[in-house]
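Biologist: Could you pick one part of this model and go over it slowly with me? I'd like to know what sits around it.

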Amino acid sequence: MQLSDAEWIVMNTIWDSQPTEASDVIAALGTANHWSDATVKTMLHRLVKKGALDAEQIGKKYRYTAAVRRSDC
């Protein structure tokens with residue numbers, strides 16, 4: 001599976017702290033990388049579409065877990 005540099009950053013955050021909610025990923029990465037909330041959410045959605053992440057909706061929130069191992073990427 002091919003990941004962009006930005007997607008790698010998101011995946012590493014999730015691998016290190018899964019399961020995790022979108023708000024946690026935004027808090028961990030948004031400010032440090034100068035990414036807006038929408039940018040992080042777009043990357044999460046893209047990673048779900050690629051099959052790299054699994055998303056579970058809990059109320060209005062989404063919880064993400066890795067669907068692939070680091071070594072597979």
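Modeller: Let's take helix α1, starting with its helix neighbour and ending at the sheet.

A bit of housekeeping: this is a predicted model, so local features need pLDDT of at least 70 and side-chain atom pairs count only at pLDDT 80 or more, while totals for chains, interfaces and linings use all residues. Residues are numbered from 1 along each chain as its sequence is written, and side-chain values use heavy atoms, leaving out hydrogens and water.

Helix α1 covers residues 5-17; helices (H or I, at least four residues) and strands (E, at least two) are DSSP runs numbered from the N terminus. The axes of α1 and helix α2 (residues 22-33) come within 10 Å and cross at roughly 145 degrees. Those axes are lines fitted to C-alpha atoms, for helices over the stretch in contact, with angles from 0 to 180 degrees between N-to-C directions. The crossing is right-handed, meaning the near helix is turned clockwise from the far one by less than a right angle.

On the α1 side, I9, V10, T13 and I14 make the contact, and they meet V25, A28, L29 and N33 of α2; contact means heavy atoms within 4.5 Å. By class, that makes 6 nonpolar, 2 polar and no charged residues. Nonpolar covers Ala, Val, Leu, Ile, Met, Phe, Trp, Tyr, Cys and Pro, charged covers Asp, Glu, Lys and Arg, and the others, Gly among them, are polar.

Look at T13: leaving aside residues up to four places away in sequence, T13 touches A28 and L29. T13 is buried at 17% relative accessible area (buried is under 20%, exposed over 50%, partly exposed in between, with a 1.4 Å probe and protein chains only).

Now for the sheet. It is open, with 3 strands in the order β1-β3-β2 and antiparallel pairing; strands pair if DSSP finds at least two bridges between them. At the edges are β1 (20-21) and β2, each pairing on one side only. Helix α1 packs on this sheet, touching β1, β2 and β3, and its direction makes about 90 degrees with that of β3. The antiparallel strands β1 and β3 are joined by 2 bridges, and T20 has Y64 in β3 as its bridge partner. Between β2 (residues 53-58) and β3 (residues 61-66) there are 6 bridges. Those two strands form a hairpin with 2 residues between them, and G59 in the turn has a positive phi of about 65 degrees.
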